[in-house]
Amino acid sequence: MHNQKLLVSSHAPYWHNGSSISGKSYSFMLAALPAVIMGIYQYGLPALGVLALSISCAMIWELLMDLAMRRPVSIGDGNAAVIGLLFAMLLPATAPWWLVVAGTFVAIIIGKQIYGGIGCNPFNPSLVAIAIIMLSWKSFMDFNEALVNYDLGFYMVYPLSAVKHMGTSVLSNFSMTGLLLGQQAGGIGTTFGLGLIIGGLYLILRGHIRWEISLSFLLGVFVTAYFFNIADPDKYAPPLFHILTGYSLIAAFFLLTEDSSSPVNFVPMLIYGAVAGFLTVLIRNIGAFVDGAVFAILLVNVSNPLLDKIRPKAMGKGTEHA
Amino acid sequence: MEVKTERIVAYGLAIVFFLVGIVCYAAFPVKTPEEPIRIMFKSTAGNILFDHKVHASESGYGIGCTDCHHTLEDEGEAPTACGECHEVDSEDPVKRSDAFHTQCQGCHEDEGAGPVDCSACHVR
């Protein structure tokens, strides 16, 4: 044990490995691209309008806040653009322009800047905005109502709402492959499961997000939904359905893994993800909301500082018996 | 990229995306089809998502326009929306909820198809 190398260090000078916040932001945008392109393909130019306006407004709010607070302009790091992009991906393609402007204001100013900017936000900014919009303008976030004028050739009732209100008899209208390939009503960038998984794996391989959080979230959703399903198969949907519908996959790879609102240590990450998954299904199945992912993640965001108290044993403090 | 370059790129992207957003919203709004696909009826008892296309199309239930839009003189004429005459609070001619209950529930019962329970249509 005494010969084990716990920490290898070397003298200065050091060489920067070239990573940057902007590089990370552009990776996020690249990872989100498959799901975004599918959203634009399905919902057309109105979806592009929501995405473009959301990204630009988020950047403009960030710039205005920087100027008002007399701080260095930070829109170059791309973080505001990513927040705007993720916010737009959660919206229906029919979101009016003022909803996008108000939502990005909430995301950037209330969700991020008032806490001190990047790295200081206790909640995921995009989710703060979506939560406020869900509570304030409910009908615009009701995908059944928002997408009444779209006929994309598949069953267009929002899957989670269909199951919640009509039980598992509606499952015959959905195929798991179809759900994975985006044949479901939902947000612009949340329906194409395969694209989100590919984007998520890319981010994991690049080291931008932690697999522990994504995997434990998906396991949390799966296990909780499984127990609900075996308890009452007529009422509660099977686990795979919960993973492929709603905000599950975008939450697992893009929302829950946000840096400053998620834990950094191994065990806390596992607990954080699993609890988020558990709460997501709990809210979906017995809560008031159709999709529980938004509030589940905001709730575990609150527990993040507490979870990070579970620290690994400090080096050199091991109890070695002579 | 240098910080300054990053910032210039960000300014550029913000302007381009803003213009694209404005153009998309102004020139390509969500099209409302001539014949409704689905209609969300708002009700205090819970909203109802009515699939107009499935009810009206030949590949669906193939119900003729005049079967529901009873003021229509002939099939080619543009039908009046139900709520135009059947208002929420007005009993004259028949208030909206009664008109819909008679029309929807009545047809479902007569045909022995479609939901008749409250919670099967009204979703809270």
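In this predicted model, helix H2 of chain A (residues 45-68) packs against helix H3 of chain A (residues 79-90) at an angle of about 145°, and their axes sit 8 Å apart. The crossing of H2(A) past H3(A) is right-handed. On the H2(A) side, the contact is built from Val50(A), Leu51(A), Ser54(A), Ile55(A), Cys57(A), Ala58(A), Met59(A) and Glu62(A). H3(A) answers with Ala80(A), Ala81(A), Ile83(A), Gly84(A), Leu85(A), Phe87(A) and Ala88(A). Sorted by class, that comes to 12 nonpolar, 2 polar and 1 charged residues.

Stepping back to the whole of chain A, there are 14 helices and 0 strands, so to speak an α-only run from the N terminus on. The radius of gyration of chain A is 21 Å, close to the 20 Å given by the globule rule for 322 residues, so chain A is as compact as a globular protein of that length. Along the principal axes, its C-alpha atoms fill a box of roughly 70 × 50 × 30 Å. Of the 322 residues in chain A, 54% are buried. Among contacts in chain A with a separation of 6 or more, 74% link residues 24 or more positions apart.

Then there is the partner chain. Chain B puts 26 residues in contact with 26 residues of chain A. On the chain B side, the elements giving two or more residues are helix H1 (3-27) and strand S1 (39-41). H1(B) supplies the largest share, 12 residues. As for chemistry, the chain B side that touches chain A splits into 19 nonpolar, 2 polar and 5 charged residues.

Terms used:
Residues numbered from 1 in each chain as written. Chains lettered and ligands numbered in written order. Predicted model: local features only at pLDDT ≥ 70, side-chain atom pairs only at ≥ 80, totals over all residues. Axes fitted to C-alpha atoms, helices over the stretch in contact; angles between N-to-C directions. Helix = DSSP H or I, 4+ residues; strand = E, 2+ residues; numbered from the N terminus. Left-handed = near helix turned anticlockwise from the far one by under 90°. Contact = placed C-beta atoms within 7 Å. Nonpolar A, V, L, I, M, F, W, Y, C, P; charged D, E, K, R; others polar. Rg over C-alpha atoms; globule rule 2.2 N^0.38 Å. Buried ≥ 20, exposed ≤ 12 C-beta atoms within 10 Å, placed from the backbone.
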